[in-house]
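Colleague: I would like to learn how to read a structure like this one. Where do we start?

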Amino acid sequence: MPHIQIIGIGTGNPEHLTIQAINAMNAADAIFIPTKGAEKDSLAAVRREICNRYIANHSTKIVEFAVPRRVTADRTYLQSVDEWHASIAEIYVGLIANLPPAGEGAFLVWGDPSLYDSTIRILERAQKLGSIGFEFSVIPGITSVQALAASHRIPINLVGKPIEITTGRRLLEQGYHTQNTVVMLDGDLAFSKVGDPEVEIFWGAYLGTPEEITCAGRLDDVADEIIKARAQARQRHGWIMDIYLLRKGHDFDDL
Ligand SMILES: C[S@@+](CC[C@H](N)C(=O)[O-])C[C@H]1O[C@@H](n2cnc3c(N)ncnc32)[C@H](O)[C@@H]1O
């Protein structure tokens, strides 16, 4: 039966790859690289560079596949994602069906497969379709949360305190209520609507890549600077990926 490795590749720096990841890539008959249109082409380019840099096995094939666009019209967010995942699961079935009977395939997943990534759940969906049998394993990678913390040289939590990881959409809907909140997938500048003078922000875009930008400070003081830097970078590159930590309070405040 074919076996699939879901490999976390980190957030854009080829040196984020673990030795476990490199060994799994070299053991694969085929590496599947998603392409998502021009704006995300540089993400596919990072994956290609990783393959060029680390694959020494000449029999490993690189197989690119186009990811369909998510249709949003006349659907709730969840309906639209569910339908999108169903169509990607069909594509995965086709890719795996082309592997040798006991072959190894690998998906290179941005960051870590456990964090705001659906490769695992889509592969489970592909298994449930029942047309092909396969097994899969997961190899962890460096997340954008870790890349953010490393670039700012900070621990993500305050001593003994919890962390919330959420999306820009949720922050807008539910407001800021946990002392340490990491916000991902924010296309709506949700931080600019927090409106709490005690909150600090640690922001980063293109973390781990040569284009990395960071900014930190009291949210009210630096929000405009981040909005401007974000808009300029987006125009320059045609796309942006950014993440931030909102923090209120300090270690040992409760002593
Ligand atoms: C679909 S999620 C994928 C997260 C990924 N699995 C991880 O482990 O970080 C994409 C979001 O991750 C964050 N992200 C990923 N790579 C990043 C990077 N290099 N710099 C800043 N944020 C990044 C952004 O919030 C982006 O909107």
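Colleague: From which domains does the shell around the ligand draw its residues?

Modeller: This is a predicted model. Here the shell draws at least three residues from domain 1 (3-139) and at least three from domain 2 (144-247).

Colleague: How many residues surround the ligand, and which are the closest?

Modeller: A residue counts as near the ligand if one of its heavy atoms lies within 4 Å of it. In this model 16 residues surround the ligand, and the closest are W110, D112, L115, S144 and D242.

Colleague: How does the shell divide into nonpolar, polar and charged residues?

Modeller: Nine residues of the shell are nonpolar, five are polar and two are charged.

Colleague: Which backbone atoms lie within reach of a polar contact with the ligand?

Modeller: The cut-off for a polar contact is 3.5 Å between N or O atoms. A polar backbone atom of D112 is 2.8 Å from an oxygen atom of the ligand. For L185, a backbone N or O atom lies 3.0 Å from a ligand oxygen atom. At Y206 the partner is a nitrogen atom of the ligand, 3.4 Å from a backbone N or O atom.

Colleague: How much of the ligand's accessible area does the protein cover?

Modeller: On its own the ligand has 570 Å² of accessible area, and the protein covers 90% of that.

Colleague: Now the sheets. What holds the strands of a sheet together?

Modeller: Strands pair through backbone hydrogen bonds, and the pairing is either parallel or antiparallel. One open sheet in this model has five strands in the order β3-β2-β4-β1-β5, with parallel pairing. Its edge strands, β3 (61-66) and β5 (135-139), each pair on one side only. From one strand to the next, the twist averages 25°.

Colleague: Which strand pair could I look at in detail, and how many bridges does the pair have?

Modeller: Take β1 (residues 3-8) and β4 (residues 104-109), which pair in the parallel sense over six bridges. Within this pair, I7 has L108 in β4 as its bridge partner.

Colleague: What is the strand order in the sheet with mixed pairing?

Modeller: That open sheet has five strands in the order β6-β7-β10-β8-β9. The strands at its edges are β6 (164-167) and β9 (213-218), and each pairs on one side only. With direction ignored, neighbouring strands of this sheet are turned by 15° against each other on average.

Colleague: Do β8 and β9 run parallel or antiparallel?

Modeller: They run antiparallel, and six bridges join β8 (residues 200-205) to β9. To find one of these bridges, go to G204, whose partner in β9 is T214.

Technical notes:
Residues are numbered from 1 along each chain as its sequence is written. This is a predicted model: local features need pLDDT of at least 70, side-chain atom pairs count only at pLDDT 80 or more; totals for chains, interfaces and linings use all residues. Side-chain values use heavy atoms; hydrogens and water are left out. A polar contact is a pair of N or O atoms within 3.5 Å; within protein, one must be able to donate a hydrogen and the other to accept it, and residues adjacent in sequence count only if both atoms are side-chain atoms. Accessible areas come from the Shrake-Rupley method with a 1.4 Å probe; for residues, only the protein chains shown count as cover. Ala, Val, Leu, Ile, Met, Phe, Trp, Tyr, Cys and Pro count as nonpolar, Asp, Glu, Lys and Arg as charged, and the others, Gly among them, as polar. Domain bounds come from an automatic or database domain assignment. Two strands pair if DSSP finds at least two bridges between them. Helices (H or I, at least four residues) and strands (E, at least two) are DSSP runs, numbered from the N terminus. Axes are lines fitted to C-alpha atoms, for helices over the stretch in contact, and angles run from 0 to 180 degrees between N-to-C directions.
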